Amino acid sequence: MVRSVSADYLVVGAGAMGMAFTDALIDHADVDIVLVDRRHAAGGHWLDAYPFVQLHQASLFYGVASTELGNRTIQTDGPEAGLHERARRSEILAYYDDILFRRFRATGRVSFHGGSTYHTDGSSHFVTSSVSGETVRVEVRRRVVDATYLSPTIPATTPPPFGCADDSAVVSINELAELDETPSDYVIVGSGKTATDGIVWLLNNAVPPERIIWIRPRDPWMLNRAVVQPDPVVAFELGASTFGAAAEAESPDDLFLRLEDAGVMFRIDSEVTPAMAKTPTLATWELDLLRTVERVVRLGHIEHVARREIVLQGGSVSLPEGSLIVHCAASGLRNPPLTSIWMPDAIRLQTIRAGFPCFNAALAGYVEATRDDDQERNRLCPPNFYSNTTTDWAWMQARGAVATATFGAEPDIAAWADECALNPSRLPPSWRDDPRVQAARSRLATVAAPGVARMAELGEASASPTV
């Protein structure tokens, strides 16, 4: 006989977005929640991430709204002196464990089903434990929340997107820290955040750049970490630089070159105009290290690897004996079709403003708790997407700016957002009279309207016709 439980909400996914949504919802509504995840604990992909991974953004921008990650520490030494601390994997996992057990469970309103899968049968909802095999029917009084819609793909859980001969030596980036033998050369496969993390880690562990081969199908644009900090002055200056550049830009490429001149964007090779614009953040010291790697292969994506050869779309490359191929080529951030966040069958968590998934999920949780009409909720929180190309990035920024103006026009949401540390553009009341803030806000105000309009024009090719 199947056991039954009831709850106001069934939240599927205890990763960053599921945890942030749940936290905001229970803070602003008297509801109870069943939270389910296929992993044994909260934290999502952080449970599978490579051991040396670190947040690319300030710790304050990550986690849940009720409880800050980290101690608001500003680094005082090292290459990032003056920038806010960035949590490592161990700290993030401990943080989510604390949120789950000391905050959520302590309320008596959240029950967690880890190591379990969610499935339906008609209109009925079930959770089945992968450990015991027990299936529980969940009677959902209000909503099912899909917090997995944007779940990232990572190398540890995704096979390489290319063929591998039996004699090839291929590992995921997770295995770099556990090697039994030292390779002659490291072949890093991928253009994004994971690949750059792997290269920086190797170089910091005394691997000479001459022993690194970088298979880089596309060159990436990277966001300067120094311009993305929990500081209202920095936030307004970033907005002014971004939309000021957009207002004058003749094309998406021209926009990014202007942003590079403004110190907002980085590219690794000044001779190549990047086509990839997922724009993870990067510090100048990391950029300097990446530029020491000169064995860069730009022959498209890999089709097949063998022990002594890599076959790519644009040709083949011979490998030295003893080379190790490091798979960093999972797509990472996902871009499923945009859909309204509030739908009759479920709430599907997506980004709203540009980037910062934890803030977006917390915002959706707050709006769910404080608004009664789905049409109004969807008006306040239109879905956004993660960029891939420069055109995508422009459309994402334009869409996010309009959404931010929309939900920011609601006095209660604006007040909540200004107190929420997850919000990269928050303006606490204590900062409002600061002359530096006022000057930066004034600069942004002069370029915001033409900048947003031009950003939309630049990104028009990526515009979604459905939402």
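Trp 221 is buried, with a relative accessibility of 0%. Keep in mind as you look that this is a predicted model. Which residue has its ring paired with that of Trp 221? The partner is Phe 256: the two ring centres are 5.4 Å apart. Their planes meet at 35°, so the pair is tilted. Phe 256 is buried as well, at 0% relative accessibility. Trp 221 belongs to strand E11 (residues 221-224) and Phe 256 to helix H5 (residues 252-261), so look for two distant parts of the chain, 35 residues apart, linked by this pair.

A second pair is made by Tyr 366 and Trp 416, whose ring centres are 5.1 Å apart. Here the planes are at 15°, so the pair is stacked. Distant parts of the chain are linked here too: Tyr 366 lies in helix H7 (residues 357-370), Trp 416 lies in helix H10 (residues 411-419), and 50 residues separate them. Tyr 366 is buried at 7% relative accessibility, and Trp 416 is buried at 12%.

How many aromatic pairs does the whole structure hold? The search finds 11. Ring pairs also join Trp 46, Tyr 62, Tyr 95 and Tyr 96 into a cluster. A ring can have a charged neighbour as well: Arg 216 lies over the face of Trp 214, 4.4 Å from the ring centre.

Now turn to the helices. Two packed helices are described by the angle between their axes and the distance between the axes. Helix H4 (residues 232-248) packs against helix H11 (residues 435-458) at an angle of about 35°, and their axes are 6 Å apart. The crossing of H4 past H11 is left-handed. What kinds of residues make up this contact? By class there are 16 nonpolar, 5 polar and 5 charged residues.

Next come the cysteines. A disulfide is a covalent bond between the sulfur atoms of two cysteines. The structure has 0 disulfides. Why is Cys 328 not bonded to Cys 164? The sulfur of Cys 328 is 13 Å from that of Cys 164, its closest cysteine sulfur, which is too far for a bond. A disulfide would need the two sulfur atoms within 2.5 Å. The surroundings of these cysteines can be compared through their accessible areas: Cys 164 is partly exposed, at 34%, whereas Cys 328 is buried, at 5%.

Finally, visit a few loops. Most residues other than glycine have a negative phi, and most peptide bonds are trans. Ala 206 has a positive phi of about 70° although it is not a glycine. Thr 279, also not a glycine, has a positive phi of about 50°. Where do these residues sit, and are they buried or exposed? The table sets them out beside Ser 168, another loop residue.

| Residue | Loop between | Relative accessible area | Class |
|---|---|---|---|
| Ala 206 | helix H3 (193-204) and strand E10 (212-215) | 66% | exposed |
| Thr 279 | strand E12 (265-267) and strand E13 (281-282) | 11% | buried |
| Ser 168 | strand E7 (163-164) and strand E8 (170-172) | 16% | buried |

Ser 168 offers one more thing to find. Its C-alpha atom is separated by 9.8 Å from that of Gly 322, although the two residues are 154 residues apart along the chain.

Note on methods:
Residues numbered from 1 in each chain as written. Predicted model: local features only at pLDDT ≥ 70, side-chain atom pairs only at ≥ 80, totals over all residues. Heavy atoms only, no water. Axes fitted to C-alpha atoms, helices over the stretch in contact; angles between N-to-C directions. Helix = DSSP H or I, 4+ residues; strand = E, 2+ residues; numbered from the N terminus. Left-handed = near helix turned anticlockwise from the far one by under 90°. Nonpolar A, V, L, I, M, F, W, Y, C, P; charged D, E, K, R; others polar. Buried < 20%, exposed > 50% of the residue type's maximum accessible area, 1.4 Å probe, protein only. Phe/Tyr/Trp six-rings, centres within 6.5 Å; stacked < 30°, edge-to-face > 60°. Lys NZ or Arg CZ within 6 Å of the ring centre and 35° of its normal.
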